[in-house]
Amino acid sequence: MSSSSNYYVSLLKLFCESQNQTEAKQLHCLILKTISHPETFLLNNLISTYSKLGNLAYAHRVFDHIPQSNLFSWNAILSIYSKLGRLSQMQQIFDLMPFRDGASWNLAIPGYANYGSSTYAVGVYKLMLKDAAMNLNQITFSTMLILCSNCRWMDLGRQIHGQILKFGFGSYVFVGSPLLDMYAKLGLIFDAKRYYDDMPEWNVVMCNTMIIGLMGRGMVEES
């Protein structure tokens, strides 16, 4: 990794923070003029910059011309389509990926979930369980629990709770908060209370969720 690449990446980060797309484009031109073969690391950061600045066309243009794209390159372009809700393009990129990691799956699932394609999100999650269970993490389970809560999918929510326990994420607070929230919103307050009591530790969000859930069911003394 060259010192010039590091310097340019630092500038790109500044332009992202200031939302200065004009300066980012000018720096992009300078990179092309001064570096005959830009490193993949630098080109990946250009994709991320254009993604954060909302310029899909330029991001994809950089991606299309990377001579040696890597997983970060693919995830960077996948992230844009996921965040913008461009679901057909997102799925196309996802299908073309030569390999995927947890970030790849955790971009595709909320991409569908956040833009009204809940059943497709579940489909991607089930495919992940089948083909890439080693990539399951707190973000995956949290996303699916929120989806079940919003869609009021009781049976699927309980299945996911079982999978959370199976893969060893039952004691993670980041997963526990949306799990409690799901049970409370679905009216399964005793399931919520049982899980809450079994947790080794709680955070403020979990405590508030449990209190609100109990009070909503008229269980004031328990809250």
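The chain carries 17 positive and 15 negative side chains, and the centres of these two sets lie 7 Å apart. These values, like those that follow, belong to a predicted model. Side chains of opposite charge can pair when their charged atoms come close, and a search of the whole structure finds 5 salt bridges.

Three of the pairings are set out below, each with its N to O distance and the relative accessible area of its partners.

| Salt bridge | N to O distance | Relative accessible area of the partners |
|---|---|---|
| Lysine 130 and aspartate 131 | 3.2 Å | lysine 130, 67%; aspartate 131, 45% |
| Aspartate 181 and lysine 185 | 3.2 Å | aspartate 181, 25%; lysine 185, 44% |
| Lysine 193 and aspartate 197 | 3.0 Å | lysine 193, 26%; aspartate 197, 44% |

In the pair formed by lysine 130 and aspartate 131, lysine 130 counts as exposed because its relative accessible area of 67% is over 50%, while aspartate 131, at 45%, is partly exposed. Aspartate 181 and lysine 185 both belong to helix 11, which covers residues 173–185, and they stand 4 residues apart, about one turn of the helix; aspartate 181 is partly exposed at 25%, and lysine 185 is partly exposed at 44%. In helix 12, residues 189–198, lysine 193 and aspartate 197 are likewise 4 residues apart, about one turn of the helix. Of this pair, lysine 193 is partly exposed at 26%, and aspartate 197 is partly exposed at 44%. Arg158, Asp191 and Arg194 are joined into one network by salt bridges that share partners.

Turning to the overall fold, the chain has 13 helices and 0 strands, and its C-alpha trace spans about 70 × 35 × 30 Å along the principal axes. Of the 223 residues in the chain, 49% are buried. Among contacts between residues at least 6 apart in sequence, 57% join residues that are at least 24 apart. The chain exposes about 11800 Å², of which carbon and sulfur atoms supply 54%.

Two loop residues deserve a note on backbone geometry. Glutamine 19, which is not a glycine, nevertheless has a positive phi of about 55°, and this residue sits in the loop between helix 1 (3–17) and helix 2 (21–34). Arginine 152, also not a glycine, has a positive phi of about 60° and is placed in the loop between helix 9 (138–151) and helix 10 (154–166). With a relative accessible area of 52%, arginine 152 is exposed.

Note on methods
Residues are numbered from 1 along each chain as its sequence is written. This is a predicted model: local features need pLDDT of at least 70, side-chain atom pairs count only at pLDDT 80 or more; totals for chains, interfaces and linings use all residues. Side-chain values use heavy atoms; hydrogens and water are left out. Buried means under 20% relative accessible area, exposed over 50%, partly exposed in between (1.4 Å probe, protein chains only). Contact means heavy atoms within 4.5 Å. Accessible areas come from the Shrake-Rupley method with a 1.4 Å probe; for residues, only the protein chains shown count as cover. Lys and Arg count as positive and Asp and Glu as negative; His and the chain ends are not counted. The place of a charge is taken as NZ of Lys, CZ of Arg, CG of Asp or CD of Glu. A salt bridge is a side-chain nitrogen of Lys or Arg within 4 Å of a carboxyl oxygen of Asp or Glu.
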